[in-house]
4 protein chains.
Amino acid sequence: MNIVLLAGSIVGSKTRTALEYAERSAINNYSDHQIQLIDLAEHDLQFSDGRNYLDYEGDTGYVTKAVMDADIVIIGTPIFQASIPGTLKNLLDLLPQDGFRDKTVSMLATAGSSKHFMIPEQHLKPILGYMKAQIVQTYVYIEERNFANKEIIDDDVRFRINRLVEDTVTHAKAYKQFQKEKEASYGF
Amino acid sequence: MNIVLLAGSIVGSKTRTALEYAERSAINNYSDHQIQLIDLAEHDLQFSDGRNYLDYEGDTGYVTKAVMDADIVIIGTPIFQASIPGTLKNLLDLLPQDGFRDKTVSMLATAGSSKHFMIPEQHLKPILGYMKAQIVQTYVYIEERNFANKEIIDDDVRFRINRLVEDTVTHAKAYKQFQKEKEASYGF
Amino acid sequence: MNIVLLAGSIVGSKTRTALEYAERSAINNYSDHQIQLIDLAEHDLQFSDGRNYLDYEGDTGYVTKAVMDADIVIIGTPIFQASIPGTLKNLLDLLPQDGFRDKTVSMLATAGSSKHFMIPEQHLKPILGYMKAQIVQTYVYIEERNFANKEIIDDDVRFRINRLVEDTVTHAKAYKQFQKEKEASYGF
Amino acid sequence: MNIVLLAGSIVGSKTRTALEYAERSAINNYSDHQIQLIDLAEHDLQFSDGRNYLDYEGDTGYVTKAVMDADIVIIGTPIFQASIPGTLKNLLDLLPQDGFRDKTVSMLATAGSSKHFMIPEQHLKPILGYMKAQIVQTYVYIEERNFANKEIIDDDVRFRINRLVEDTVTHAKAYKQFQKEKEASYGF
């Protein structure tokens, strides 16, 4: 399968740091899959102007096509103004309405304190659900104090990221199985 | 598997009507499973007083044990005051914190208008997720105008309920498969 | 004005403890107002069966009428299953659809950890808004560790409760002013 | 007072059309106030890179300063992917954390169907509350079928926009009164 780890912010380093740890976890355990980390900070995206994603060129075309080609998307996001950043929402706006159909999507959030723990649940999941994602229910929420020198310094957080990667891949496999059973039941 | 269809309200007939249709759909297609419709209107539940569900007797004990014994729960709910009814929330309060762990849970909502379409997404899903349910993302939302004489009069609604039942069962099967694979990978 | 402090749970003591502190704060500063603490734990409420609140007798009739007669309602609630308790939701179900019209309503929540800080925002405010409340935006969220021996042991929490009471009353006064201006502009 | 009407999208015409109607309503009734319509489609904004809004130049600096100088902000937004557009969220990210402190903010949403009626409540209000806005509870939600030839063709919608403008200004006046009373009580 094709795994994309998507860092949804252009500010700060913590989401990137956490996703890099997730990427290494994926490489260690799922080296037979394609694994790609895309950091919005490294790409110069346009604001969605309503066109189909295939009609964008340059970085906007590159990133949207990479996400659309994925079977699995692990979204990393900070919390800005009690919600997801405009940069991440803009990327989601660039994708089709059902852009996550048949994709397994999981979430990893970084934040200043635990007060915003419910934000991925309340702001991001409903968007992913609307876009038809197969959502991994449990997400990893990492607080500022779990980072130092661009490393995760908390064993429990590392454990939870490893488990998130594993659950996401297993979930995607189970979903493929679910699809096969459904198709079989219709005699496709 | 053990399928419980749960009508979460003690007022009105529409949620019950919709769940009865879902029950017939389940019986027609999954007669090898146990199928039970529980309507809170037919049971005299206490308010949760913080005890473990096993310590309740009478209707409260009966209903909570039936839900806890299920592999699949299809929750039917009306929308009251822009959220789920107190009767349904009270039942959820009676269950353990992780009461839906390893259960597949799907939702069917009835409402006066389409304005409250997002309520199951925003009010019920986060609760189910907190209780560790495997949530079927797509839910069936039925408006008052789709009912007449305690029957669903809209073919599309009937089609969507049939598909909800099918997706729920297929989802539960895929989840069992997911669990087996996880256990196998750990050598359990 | 008529101020009701409403403890929305029948389990535990922390919400009651916090509301009692708020009640003392109200008595100290607004002794010219009517002030009443209603604790659902002391009343035997029925589940809402769809009737108008005026048609209930006994405790259900008493509590609903007391809330409907209030100009100000300060709701105290614990967090159960990542939302408000069924007992509180049931009380709200017992009230008319626009039961908080022209009332100023504020919130005080108690919880085990700061992870559920957004629950009053995401679960309770939309219900209050639907019921036409004038909502005091800022709420007081109190964690378990801020209590000992049925007292609040944190000065900052006490300060925030005092401020909540003050803001709620000032907000209610400003709203009365707002109404007067609106009526004047229509020549009522 | 200084009233800004903010069109939060760069795609489509309906939000702009609705805000232009609101602008005319404001001009007709509150000509003694400063009134300005800012349409993000007419400005080339950068993505927030974490700097203070005063450090941006060009369109980004212009728009953020205009919003920060407002006493009243009427936000117009379409619904994209079951939430607010990335363009609007980016503007909010550009503002300080408490950027709406002491400002009265109201909302007007345009959408394809009534199914997303709760999105302003669930996605936008919590952000505005976090940013310390004085939120006008009731918002105007306008469906596609209420527009034709870049005009609002529904009398009820026009009535509701007029009332929104009026309520927003009256709310702002009442809030100024609330502030005065608070300051007086502290002897400022």
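Mentor: Before we start, two residues are in contact if their C-beta atoms, placed from the backbone, lie within 7 Å. This is a predicted model, where local features need pLDDT of at least 70, side-chain atom pairs count only at pLDDT 80 or more, and totals for chains, interfaces and linings use all residues. Residues are numbered from 1 along each chain as its sequence is written, with chains lettered from A and ligands numbered from 1 in the order in which they are written.

Trainee: OK, so how many residues of chain B are in contact with chain C?

Mentor: There are 23 from chain B, facing 22 residues of chain C.

Trainee: And which helices of chain B each supply at least two of them?

Mentor: Those are α3 (86-94) and α4 (119-130); helices are DSSP runs (H or I, at least four residues), numbered from the N terminus. The largest share, 6 residues, comes from α3(B).

Trainee: Switching topic: at what angle do α1 and α5 of chain B cross?

Mentor: Roughly 55 degrees, and the axes of α1 (residues 14-29) and α5 (residues 155-185) come within 9 Å. That makes α1(B) oblique to α5(B), as angles outside the ranges under 35, 65 to 115 and over 145 degrees are called.

Trainee: Which residues make that contact?

Mentor: Among them are B:Ala18, B:Tyr21 and B:Ala22 of α1(B), with B:Ile161, B:Leu164 and B:Val165 of α5(B) across from them.

Trainee: What turn lays chain B on chain A?

Mentor: A turn of 180 degrees with a shift of 0.0 Å along the axis, giving an RMSD of 0.1 Å. The two copies are thus related as by a two-fold rotation axis.

Trainee: Which residue of chain B comes closest to the rotation axis?

Mentor: B:Ala174, with its C-alpha at 2.8 Å. Also, 100% of the contact residues of chain B recur in chain A, so the same surface serves both copies.

Technical notes: Helices (H or I, at least four residues) and strands (E, at least two) are DSSP runs, numbered from the N terminus. Axes are lines fitted to C-alpha atoms, for helices over the stretch in contact, and angles run from 0 to 180 degrees between N-to-C directions. Copies are superposed by least squares on the C-alpha atoms of residues with pLDDT of at least 70 in both.
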